[in-house]
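Reader: I am new to this entry and would appreciate a short guided tour. May I put some questions to you as we go?

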Protein chains: 2
Amino acid sequence: MMRSSMDECTREVLETVPSVMRVIRNELRKHRAQELSVPQFRTLNFLSRNKGASLSEVAEHIGLTLPSMSTLVDGLVTRNFAVRRTHPRDRRRVTLELTDRGHMILRSARDATRDYLAQKLESISLEDRSKVAESMRILRSIFAERAA
Amino acid sequence: MMRSSMDECTREVLETVPSVMRVIRNELRKHRAQELSVPQFRTLNFLSRNKGASLSEVAEHIGLTLPSMSTLVDGLVTRNFAVRRTHPRDRRRVTLELTDRGHMILRSARDATRDYLAQKLESISLEDRSKVAESMRILRSIFAERAA
DNA sequence: TATTGTTATACTCTATAACTATA
DNA sequence: TATAGTTATAGAGTATAACAATA
C-alpha cells in the first residue's frame, strides 16, 4: 500500500520531469534573442535574488561544479549580463551581481518562458494549478540542492 | 486571482523542474555501471513498452531530432542493449527492440534510481505523495511531446 | 517526389585535473 | 596548509545540413 504509492510516485516523477524539462529547454532556446541556457537562466534568476553571492554559493545552488560555474559565469560576464567583483575582505572570493542589462535579459527570458508555460497551464483548472504549484513546493523541499 | 495562481504555478514549475532534473541526472550518472544518459534511459523505457517502435516514433516521444536519436540508438546497439531491424513491409523503416541485456540494464538502472527517489519521497506524507503523483499526471497531460 | 533514416560536422555544456592567488 | 576560483583538456549530447535508400 505504502509501497505502491511510492512506486507510483517515483514512476510518475521519472516519466514527467524529463519531459517537462525538455519543453522548458526548447522554449527557452526558441527565444534566441536571449541566448540563455537553462543553467544560465537559473543563475541569473538566483543572482537577482541573491545579490553579491559568491561563485561557490551559486554553484552549490544550481548544482554545478566550481569550474563549470566559473565557465558559465564567463559567458554571462562577457555578454555584460553580470559583473565579477572581488570580495572586500577576502580577496580570494568573487562576488557576483547582475548588470542592468542582465536584469533586462532575465526579465524578458522569464516573461517569454512564463507566457508559454502560462498558456499551457491555462488548459487546466484553477484547482489543478494550485495542486501542481503545491507539489512543486513539496518536491523542492526534498530535492533542494546541497553541497555536491 | 486567476492571474496570480498562474504566475505562482509557472514560477514554481520553472524553479523546481530543473532542480529535480539535475538530481535525477546525477543519480543516474552515479550508477556508472549502467552508463546510461537520461535520454538513453528514457528510450529503453519507451522501447520496453513499445516493442518494435520505429526510430521516428521514439524520437518524437523523447523529443529529439531524428539524427540525434539515430546517434543515441547507435550507442544502445553498440553495447547490445537494443537491436535495429528492418520493417518487413517498408524497408525504409527501422524497428527497434530491446535485447535481454537491454531489459536487464533498464531494470537495474530503474531500480537504482527509483530506490533513490523512493528514499527521498519517504520523508513526505502519503497524502503528499499522491498529490505529487497526480500533479505529474496533470503536467504530463499538458506537456506530452508532440511532433517537433 | 516524398519519406525514413544515416553520416558529417560543429557547437554547447560539463566534468576532472592541474594550477594560481589569497588566507 | 587550506580555501576560492581559474585554466586546460576532454567527452557527451545535440543540432543542422547533406546524403542514401526506399516508397
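Reader: Which residues of helix 3 of chain A are buried?

Author: This is a predicted model. In helix 3 of chain A, which spans residues 55–62, the buried residues are Leu55(A), Val58(A), Ala59(A) and Ile62(A).

Reader: Where do they sit around the axis of helix 3?

Author: Their arc around the axis is only 100°, so they lie on the same side of helix 3 of chain A. In an α-helix there are 3.6 residues a turn, so residues three or four places apart point the same way.

Reader: And what comes just after helix 3 of chain A?

Author: Gly63(A) follows there, with a positive phi of about 90°.

Reader: Turning to the DNA, which residues come nearest to strand D?

Author: There are 22 residues around DNA strand D, and the nearest of them are Ser56(A), Ser70(A), Arg84(A), Ser37(B) and Ser68(B).

Reader: What parts of strand D lie within 4 Å of the protein?

Author: Sugar or phosphate accounts for 72% of the atoms of DNA strand D within 4 Å of the protein, and bases supply the rest.

Reader: Which protein atoms lie close to a phosphate oxygen of strand D, then?

Author: One of them is a polar side-chain atom of Arg22(A), at 3.2 Å from a phosphate oxygen. Backbone atoms also take part: a polar one of Leu55(A) is 3.4 Å from a phosphate oxygen of strand D, and an N or O atom of the Arg91(B) backbone is 2.9 Å from one. Helix 3 and helix 4 (66–78) of chain A, together with helix 4 (66–78) of chain B, each give two or more residues to the surface near this strand.

Reader: How many charged residues does that surface have?

Author: The surface near DNA strand D has 8 charged residues, along with 7 polar and 7 nonpolar ones.

Reader: What about strand C: which polar side-chain atoms lie by its phosphate or base oxygens?

Author: Among them, Ser70(B) has a polar side-chain atom 2.6 Å from a phosphate oxygen of DNA strand C, and Arg22(B) has one 3.1 Å from a phosphate oxygen. For Arg92(B), the partner is a base oxygen of strand C, at 3.1 Å.

Reader: Lastly, how are chains A and B related?

Author: A turn of 180° with a shift of 0.0 Å along the axis lays chain A on chain B, with an RMSD of 0.0 Å. The two copies are thus related as by a two-fold rotation axis.

Reader: Through what surface do the copies meet?

Author: They meet through the same surface, because 100% of the interface residues of chain A are also interface residues in chain B.

Terms used
Residues numbered from 1 in each chain as written. Chains lettered and ligands numbered in written order. Predicted model: local features only at pLDDT ≥ 70, side-chain atom pairs only at ≥ 80, totals over all residues. Heavy atoms only, no water. Least-squares fit on C-alpha atoms with pLDDT ≥ 70 in both. Contact = heavy atoms within 4.5 Å. Buried < 20%, exposed > 50% of the residue type's maximum accessible area, 1.4 Å probe, protein only. Helix = DSSP H or I, 4+ residues; strand = E, 2+ residues; numbered from the N terminus. Arc of directions from axis to C-beta. Near = heavy atom within 4 Å. Polar contact = N/O pair within 3.5 Å; in protein donor to acceptor, adjacent residues only side chain to side chain. Nonpolar A, V, L, I, M, F, W, Y, C, P; charged D, E, K, R; others polar.
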